[in-house]
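Me: I'm new to protein structures and would like to learn how to read one. Could you take me through a few features, one at a time?

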Amino acid sequence: MMRCCRPRTLAVCARRWSSTLPPHKLVPMPRLSPTMTTGTVHRWRVGDGDPVHLYDLMCEVSTRELLEEPTPNDVVMEVEGHEDGFIAKILAPVGTAAAPDEPMCAAGVA
C-alpha cells in the first residue's frame with residue numbers, strides 16, 4: 001500500500017485534493033406556487049459545461065398546479081440563473097418530474 005502523506009498531514013492532503021475541484025451548488029426545482037407538488041422539466045436552454053450568467057434563461061418547467069385548482073393544461077414557466085457560473089451537470093433531463101426543492105442541476109460557481 002502506497003501512502004502519499006503521513007497520518008498527521010492527511011487533512012492537509014485532503015484539503016489540497018478537494019481544492020482542485022470547482023465549487024458547486026445544486027439548483028433546485030423552483031416552487032412555483034404554494035400548492036405545487038411536482039414540476040416537469042419541459043426544456044433545457046443550456047447544456048453541460050455551458051456558461052450561465054445572472055438572469056440568463058436556464059430551463060423551462062411545466063406544472064398543472066400553478067393555481068389553487070389544477071388546470072387541464074400545463075403552465076410553462078422559465079427558470080433564470082441566480083448567479084454567474086456554468087452548468088456542471090444536468091441531473092433532471094427533459095421530461096423528468098421532480099418535487100419542489102429537488103436538484104435539477106449542479107452549477108459551478110465562476
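Below, we talk through sheets, cysteines, a pocket and a loop residue.

Reply: Happy to! Keep in mind that this is a predicted model.

Me: Let's begin with strands. What holds a sheet together?

Reply: Strands of a sheet pair through backbone hydrogen bonds, and the pairing is either parallel or antiparallel. Here you can find an open sheet of 4 strands, in the order β5-β4-β2-β7, with antiparallel pairing. At its edges are β5 and β7 (97-98), each of which pairs on one side only.

Me: How many bridges join β2 to β4?

Reply: There are 4 bridges between β2 and β4 (residues 57-63), and the two strands run antiparallel. To see a bridge up close, look for Arg43: its bridge partner in β4 is Glu60.

Me: Now cysteines. What is a disulfide?

Reply: It is a covalent bond between the sulfur atoms of two cysteines. In this model the count is 0 disulfides.

Me: Why does Cys59 not bond with Cys105?

Reply: The rule asks for sulfur atoms within 2.5 Å. The cysteine sulfur closest to that of Cys59 is in Cys105, but it is 7.1 Å away, so it is too far for a bond. Looking from the other end, the closest cysteine sulfur to that of Cys105 is in Cys59, again at 7.1 Å.

Me: Is Cys59 buried or exposed?

Reply: Buried means under 20% relative accessible area. Cys59 has 0% relative accessibility, so it counts as buried. Cys105 counts as buried too, because its relative accessibility is 0%.

Me: Next, pockets. What is the volume of the largest pocket?

Reply: Its volume is about 260 Å³. A good next step is to ask who lines it. The lining of the largest pocket has 19 residues, and those nearest the centre are Val27, Met58, His82, Glu83 and Ala107.

Me: Which strand gives the most to that lining?

Reply: That is β1, with 4 residues. At least two residues of the lining come from each of β1, β5 (75-80), β6 (85-90) and β8 (103-109). By character, the lining divides into 11 nonpolar, 4 polar and 4 charged residues.

Me: Finally, how do I read a loop residue? Where does Ser33 lie?

Reply: Start with its place in the chain: Ser33 is in the loop between β1 (24-28) and β2 (39-44). Then check accessibility: Ser33 has 6%, so it counts as buried. Last, look for partners: beyond its neighbours within four places in sequence, Ser33 is in contact with Glu65 and Leu66.

Methods: Residues numbered from 1 in each chain as written. Predicted model: local features only at pLDDT ≥ 70, side-chain atom pairs only at ≥ 80, totals over all residues. Heavy atoms only, no water. Buried < 20%, exposed > 50% of the residue type's maximum accessible area, 1.4 Å probe, protein only. Contact = heavy atoms within 4.5 Å. 1 Å grid on protein atoms, 1.4 Å probe; cavity = no way out; pocket = protein on both sides within 12 Å on 5 of 7 lines; lining within 4 Å. Points joined across faces, edges and corners; volume = space filled by probe spheres on them. Nonpolar A, V, L, I, M, F, W, Y, C, P; charged D, E, K, R; others polar. Pairing = 2+ DSSP bridges.
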